[in-house]
Amino acid sequence: MRTTTDTLRFDARFNGPPRSVNGGFASGAIAETLGGTASVRLIRPVPLEERIEVLVDDDGQSAEVTDSSHRILATATKLDPFTMIPPVTPRFADAEEARAASPLHGARHLLSNCVVCGAQRLDGLGVTPGPLKNRRDVLTAPFVPHERDTVGGVVDPAAVWGALDCPSYPASALLDRRVGLLGTMAAHRNRDVFLGERLVVVGWTVHRHGRATDTASALLDENGDVVASARAVWIELKHQWLTQLVSRLG
């Protein structure tokens, strides 16, 4: 038996792909209905500016997300706390250098206007990942939370999930311009994240199988401690001719 426990609505600002919510933001908001640490499977794009319902099992261990037409958009399962340890610990300056070198700059693609990684978004998170200089299999970006993503100086948990989302994209797919979408994301926050912190996000690949790639990401503070971390599964689009959408501006 399920009981409606929450209603969510995402402002148009929180887009990932056109007309839908960034996967990390959506997953983070859904996870909060289960206490914050959960695995969220995205089945359909979560729409912007529309009312969606989160139906939670009586035991509070799982949830189903539906739109106004009662179509299932996502499912979620509560998890025990976990921490993913990155293979390297970039400095903030390393992350800034990687962001500046990101192939996402000056390109039109499916996510070029994403609230998290969109390089031209002035109202976004500014987490545009690029390959680490001496480890091109690792993506990294700086993250300095802005007031618009905080309440009382504490960063919205959904924004933390968003920051962990895009850097978890498979590095090889980013460099080869292969298009993929987030299928599943699980995350845990070891502590709250605060306005103005100078943080580094690191993403790395764990395993690739067919069109699916298991990845992980971690949010590090200035001491290199893991503040929050995530596991993700990315699914490459079957018809990669869509990568023709990627083109250099100018």
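## Phe10 and the nonpolar cores

In this predicted model, Phe10 touches Val21, Phe25, Ala26, Ala29, Val46, Leu48, Glu49, Glu50 and Ile52, leaving aside residues up to four places away in sequence. Phe10 is also among the residues with the most contacts inside the largest nonpolar core, a set of 58 residues in which Phe25, Leu164 and Leu219 are named alongside it. Helix H3 gives the most to this core, contributing six residues.

A second core, separate from that one, has 15 residues, and Phe92, Ala95, Trp204 and Ala218 are included in it.

## Helix H3 and its surroundings

Helix H3 spans residues 157-165, and because nine of its nine residues are buried, the helix is largely enclosed by the rest of the structure. The buried residues run from Pro157, Ala158, Ala159 and Val160 through Trp161, Gly162 and Ala163 to Leu164 and Asp165, so that an acidic residue is listed with the others, buried here meaning under 20% relative accessible area.

The N-terminal end of H3 is capped by Asp156, one of whose side-chain oxygens lies 3.1 Å from the backbone nitrogen of Ala158.

## Packing of H1 against H3

Helix H1, which covers residues 23-32, packs with H3 at an angle of about 140°, and the axes of the two helices are 7 Å apart. That angle makes H1 oblique to H3, and H1 passes H3 in a right-handed crossing.

On the H1 side, the residues that meet H3 are Gly23, Gly24, Phe25, Ser27, Gly28, Ala29, Ala31 and Glu32, while on the H3 side the partners are Pro157, Ala158, Ala159, Trp161, Gly162 and Asp165. Two of these H1 residues, Phe25 and Ala29, are also touched by Phe10, and Phe25 is again one of the residues with the most contacts inside the largest nonpolar core.

## Asp67 in the loop between E4 and E5

Asp67 is placed in the loop between strand E4 (62-66) and strand E5 (72-78). Its relative accessibility is 7%, and Asp67 therefore counts as buried, the cut-off for that term being under 20%.

Within the loop, the side chain of Asp67 reaches the backbone nitrogen of Ser69 at 2.9 Å, and a polar contact of 2.8 Å joins the side chain of Asp67 to that of Arg71. Beyond residues up to four places away in sequence, Asp67 touches Arg51, Ile52 and Leu73; of these, Ile52 is also touched by Phe10.

How values were computed. Residues numbered from 1 in each chain as written. Predicted model: local features only at pLDDT ≥ 70, side-chain atom pairs only at ≥ 80, totals over all residues. Heavy atoms only, no water. Buried < 20%, exposed > 50% of the residue type's maximum accessible area, 1.4 Å probe, protein only. Helix = DSSP H or I, 4+ residues; strand = E, 2+ residues; numbered from the N terminus. Polar contact = N/O pair within 3.5 Å; in protein donor to acceptor, adjacent residues only side chain to side chain. Core = buried A, V, L, I, M, F, W, Y, C linked by side-chain atoms within 4.5 Å. Contact = heavy atoms within 4.5 Å. Axes fitted to C-alpha atoms, helices over the stretch in contact; angles between N-to-C directions. Parallel < 35°, antiparallel > 145°, perpendicular 65-115°, else oblique. Left-handed = near helix turned anticlockwise from the far one by under 90°.
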